[in-house]
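Please open the model in a viewer and keep the sequence panel visible beside it. The tour below proceeds by selection, and each stop states what is to be found there.

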Amino acid sequence: MAVETLDRAHLEKLAAEAIERQFQRVPKMRELHAGEWTDRDFYIRHITETVLRIRLNNEVDTYALFKVGSQDDTLAAKLAKYLAEEFGHESMFTRDLHKFGLTQEEIEATDVFPSTKKLMGYLRLEADTRGPAPTTVWDWLVEWYSDRYNPVITAKASEEFGREFVAGTQTHIEFDESHDHDELMFRTVARAVESFGTPRQAYADLETFVELIGDYFAELYEATVASRQPAAV
């Protein structure tokens, strides 16, 4: 009996469909990702969350690598390579935040949104029961999302605020493109699913993660744009 393997085309199709559902429910999410809208407070808080989430993401990736142990050296090497290339990348985004006027102390004092806490908690707990597979699905989704949307979001921010305010973010986009992280992470997730999970579980994890992305953008909008609007009478 043939072992079912992860279907990349199906994974990308599910991701696109799941993102579309979030576009339909979250205010301004579609416009943001189409390069039709941005907002200074919204964008600054988004980049701040990016810095904090990268750190947390590196921690859960490190834990996932620990869970691989010596069970699959090929998978461990792929995940270790990705980690080695990602550590410290938050400094690129931090440069932009400093340009906007945020101090390091203000960045460090920011609490991440509940959706980020849920995401990281999910990844940590699932690693205890299912090993590295869920974490690698998330990492692949991050790279797929970044390739598809971050250049558009960044271009709009550059247009609105000035190129000097997105220089670090643009450097990170160019790094990911030059290192082909989308391809690296698909090979990694395919190996992780083969060794530690099933495609069905991976597709379900993907749906969970995109739902949490939608929750994040809803929380971000409420904390910035909506908070400035007068309450309805």
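Helices, as named on this tour, are DSSP runs of H or I with at least four residues, numbered from the N terminus. The model is a predicted one.

**Stop 1: the loop before α3**

Select T38, which lies in the loop between α2 (29-33) and α3. Is T38 buried or exposed? The relative accessible area of T38 is 12%, and residues under 20% count as buried, so T38 is buried. Now display the surroundings of T38: beyond residues up to four places away in sequence, T38 touches L32, Y43, K156, E160 and F161.

**Stop 2: α3 against α4**

Next select helix α3 (residues 40-68) together with helix α4 (residues 73-86). Their axes come within 10 Å and cross at roughly 160 degrees. Because angles over 145 degrees count as roughly antiparallel, α3 is roughly antiparallel to α4. The crossing of these two helices, α3 and α4, is left-handed.

To view the contact, show the side chains of N58, D61, T62, A64, L65 and V68 on the α3 side. On the α4 side, show L75, A76, L79, A80, Y82, L83 and E86. By class, the contact of α3 with α4 comprises nine nonpolar, two polar and two charged residues.

**Stop 3: α3 against α7**

Keep α3 selected and add helix α7 (residues 114-130). How are α3 and α7 oriented relative to each other, parallel or antiparallel? Their axes come within 10 Å and cross at roughly 5 degrees. Angles under 35 degrees count as roughly parallel, and α3 and α7 are therefore roughly parallel to each other.

The residues of α3 in this contact are E49, R53, L56, N57, V60, Y63 and K67. Those of α7 are T116, M120, L123, R124, A127 and D128. The contact of α3 with α7 divides into six nonpolar, two polar and five charged residues.

**Stop 4: K67**

Select K67 alone, within helix α3. With a relative accessible area of 23%, K67 is partly exposed. Leaving aside neighbours within four places in sequence, K67 is in contact with A127, D128, G131 and F196. A distance monitor may be placed between the C-alpha atoms of K67 and R130: the two residues are 63 residues apart in sequence and 9.0 Å apart in space.

**Stop 5: α5 and the residue after it**

Move to helix α5 (residues 90-100). Which residues of α5 are buried? They are E90, M92, F93, T94, D96, L97 and F100. G101 follows α5 and has a positive phi, near 110 degrees.

**Stop 6: α1 against α8**

Select helix α1 (residues 8-25) and helix α8 (residues 133-161). They pack at an angle of about 65 degrees, with their axes 11 Å apart. Since 65 to 115 degrees counts as roughly perpendicular, α1 and α8 are roughly perpendicular to each other. The crossing of α1 and α8 is right-handed.

In α1, colour L11, E12, A15, A16, I19 and F23; in α8, colour W140, L141, W144, Y145, R148 and Y149. The residues of this contact divide into 10 nonpolar, no polar and two charged.

**Stop 7: the nonpolar cores**

In soluble globular proteins, nonpolar side chains tend to be buried together. The largest nonpolar core in this model has 60 residues, of which W140, L141 and F217 touch the most other members. W140 and L141 were coloured at the previous stop as part of the contact of α1 with α8. The largest share of this core, 11 residues, comes from helix α11 (residues 199-223). Another core, of six residues, lies apart from it and includes V68, L75, A76 and A192. V68 of α3 and L75 and A76 of α4 also belong to the contact of Stop 2.

**Stop 8: E222 and K28**

Remain on helix α11 and select E222. E222 counts as partly exposed, at 49% relative accessibility. The C-alpha atoms of E222 and P27 are separated by 9.1 Å, although these residues are 195 residues apart along the chain.

Finally, select K28, in the loop between α1 and α2. Phi of K28 is near 65 degrees, a positive value in a residue other than glycine. K28 is partly exposed, with a relative accessible area of 33%.

Terms used:
Residues numbered from 1 in each chain as written. Predicted model: local features only at pLDDT ≥ 70, side-chain atom pairs only at ≥ 80, totals over all residues. Heavy atoms only, no water. Axes fitted to C-alpha atoms, helices over the stretch in contact; angles between N-to-C directions. Left-handed = near helix turned anticlockwise from the far one by under 90°. Contact = heavy atoms within 4.5 Å. Nonpolar A, V, L, I, M, F, W, Y, C, P; charged D, E, K, R; others polar. Core = buried A, V, L, I, M, F, W, Y, C linked by side-chain atoms within 4.5 Å. Buried < 20%, exposed > 50% of the residue type's maximum accessible area, 1.4 Å probe, protein only.
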